[in-house]
Amino acid sequence: MERRKFIHKFGAGALAGTGLLAACSNNTQPCEEGKQATGKTIQWKMVTTWPKNFPGLGTGAEYLAQTINELSGGRMAVKVYGAGELVPAFEIFDYVSAGGAEMGHGGAYYWKGKNEAFQFFASVPFGLTANEINAWMQFGGGLQLWQEAYEPFGLLPFPAGNTTVQMAGWFNKKINTIADLKGLKMRIPGLGGEVLKRAGGTPVSLPGGELFTSLQTGTIDATEWVGPYNDLAFGLHKAARYYYYPGWHEPGTILECFINKDAFNKLPDDLQSIVINAAKVANHNMQLEYIARNNAALESLVTEHQVEVLRLPDEVLQKLQDIAKDVVAEIADKTPFSRKVYQSFMDFREPVRNWQDISEKAFLNIRGQ
Ligand code: CA
């Protein structure tokens with residue numbers, strides 16, 4: 001059916017829904033320069049640092065893509081690529097920056113080599129929980145700072161998932177004192193890795209897909225990954241005996257999506273809004289998934305796989321916290337921008353901690369007792 005007859009029969013709304021009418025293609029408004037006005041579906045690629053469809057993380061990227069596809073009524077189609085399918089895990093930032101793909105899905109601390117302040121946009125040891133860091137992003141200026149940080153790379157970042165509090169990791173020896181971390185070669189990214197280094201360990205950064213083999217072959221002595229739901233999927237319990245908590249180094253890690261700005265700017269306004277709001281939905285959805293699924297996986301690890309779940313001693317946690325305080329504060333001294341990010345983060349953390357103490361924390365401490 002030719003276009004005019006189709007509009008006559010079904011109305012312009014039908015065309016918008018089928019992707020045949022883009023936002024700026026009507027005849028009464030001139031097309032905004034550079035915007036895509038096309039009857040064709042806009043095809044985007046999303047490269048990720050996760051194995052394809054890995055529970056929570058890879059499926060979270062798929063969920064984001066699917067949400068964009070659905071909210072756009074099929075006007076956009078985002079195809080997700082697992083780590084290594086188009087580019088290796090740790091090359092996605094540069095790849096999207098260069099325009100090889102329109103979107104990436106990863107964690108900001110993987111790119112700390114470009115700017116150490118990026119780590120504040122993933123997770124800070126003893127920093128903020130999932131709800132708190134989302135509140136900083138949305139209402140405390142965090143997102144504006146993050147977007148300023150990625151601006152020189154032509155990227156626009158958004159939170160697109162959260163692991164909630166992670167586990168401290170997998171070990172083959174018990175950690176009774178801080179000295180037990182000495183000489184330990186452990187996969188632990190970001191600022192947590194720097195804390196381990198100052199406690200005498202050797203931090204290594206490896207993509208998730210390499211953890212099991214590295215641990216099993218003894219290339220590393222210990223590893224952290226995420227939490228029970230993800231760690232069970234990787235089979236880390238087959239390579240280590242002790243599973244420690246809490247994840248002091250990652251109390252609420254943001255998974256990011258970043259978008260090539262040129263590609264984003266070409267979208268009509270409504271599709272830009274759809275992409276932004278799909279990221280918000282995906283961000284929330286992943287957080288809920290971890291809360292819903294972690295405990296079943298933990299039970300399976302304990303009852304079916306005889307994993308020993310242990311709490312890091314208070315003395316160890318306190319020493320790690322003391323080190324973390326210095327490590328995080330030193331980032332602030334690197335550049336005026338990192339000072340600004342640090343200050344914003346800390347200015348938000350203190351009052352939020354006061355409120356949490358008499359709200360969530362007070363409630364959780366008494367519930368079930
Ligand atoms: Ca982790």
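**Pockets, cavities and a calcium site**

Trainee: What volume does the largest pocket have?

Mentor: This is a predicted model, where local features need pLDDT of at least 70, side-chain atom pairs count only at pLDDT 80 or more, and totals for chains, interfaces and linings use all residues. Residues are numbered from 1 along each chain as its sequence is written, and side-chain values use heavy atoms, with hydrogens and water left out. A pocket is an open set of points on a 1 Å grid over the protein atoms alone, with protein on both sides within 12 Å along at least five of seven lines; points are joined across faces, edges and corners, and a volume is the space filled by probe spheres set on them. For the largest pocket, that space is about 1,800 Å³.

Trainee: Which residues are the closest to the centre of the largest pocket?

Mentor: Lining residues have an atom within 4 Å of a point. The largest pocket is lined by 41 residues. The closest to its centre are Thr129, Val165, Pro246, Pro251 and Leu364.

Trainee: Which elements give two or more residues to the lining of the largest pocket?

Mentor: Elements are DSSP runs numbered from the N terminus: helices (H or I) of at least four residues and strands (E) of at least two. By that scheme, the contributors are H5, helix H11 (269-303), helix H12 (314-332), helix H13 (336-358) and helix H14 (360-366).

Trainee: Where does the largest pocket lie?

Mentor: Domain bounds come from an automatic or database domain assignment. Domain 1 (3-164 + 252-291) and domain 2 (166-249 + 306-331) both give residues to the lining. So the largest pocket lies between domain 1 and domain 2.

Trainee: How many charged residues are in the lining of the largest pocket?

Mentor: Ala, Val, Leu, Ile, Met, Phe, Trp, Tyr, Cys and Pro count as nonpolar, Asp, Glu, Lys and Arg as charged, and the others, Gly among them, as polar. The lining has 16 nonpolar and 15 polar residues. The charged residues number 10.

Trainee: Which element gives the most to the lining of the second largest pocket?

Mentor: This pocket has a volume of about 230 Å³. Of its 13 lining residues, Asn134, Gln138, Pro159, Lys280 and Asn283 lie nearest the centre. H5, strand E4 (155-162) and H11 each supply at least two. With six residues, the top contributor is H11.

Trainee: How many cavities of 30 Å³ or more does the structure hold?

Mentor: A cavity is a set of grid points where a 1.4 Å probe fits but cannot get out. The largest has about 80 Å³ of space, and the second largest has about 70 Å³. The count at 30 Å³ or more is three.

Trainee: Which polar residue sits in the lining of the largest cavity?

Mentor: The lining divides into 11 nonpolar, one polar and no charged. Its members include Phe171, Met186, Trp248, His249 and Leu320. By the class rule, the polar one is His249.

Trainee: Which domains each give at least three residues to the lining of the second largest cavity?

Mentor: Among the lining residues are Trp50, Tyr109, Gln166, Glu224, Trp225 and Thr253. By class there are seven nonpolar, three polar and two charged. The contributors are domain 1 and domain 2.

Trainee: Which residues are the protein donors of the calcium ion?

Mentor: Donors are N, O and S atoms within 2.8 Å of the metal (3.2 Å for Na, K and Ca); water is not among the atoms, so sites may look incomplete. The donor atoms here lie 2.1 to 2.9 Å from the ion. In sequence, the donor residues are spaced Q-x57-E-W-x24-E. They are Gln166, Glu224, Trp225 and Glu250.

Trainee: How many aromatic pairs does a search of the whole structure find, and what is the angle between the planes of Phe126 and Trp248?

Mentor: Rings of Phe, Tyr and Trp (its six-membered ring) pair if their centres lie within 6.5 Å; planes under 30 degrees apart count as stacked, over 60 as edge-to-face and the rest as tilted. The search finds 27 pairs. Phe126 and Trp248 are stacked, at 5.8 Å centre to centre and 25°.

Trainee: Are Phe126 and Trp248 buried or exposed?

Mentor: Buried means under 20% relative accessible area, exposed over 50%, partly exposed in between (1.4 Å probe, protein chains only). Phe126 has 18%, and Trp248 has 9%. Each one is therefore buried.

Trainee: Which residues does the cis peptide bond join?

Mentor: Omega is about -5°. The proline of the bond is placed in the loop between E9 and E10. The bond joins Tyr245 and Pro246.
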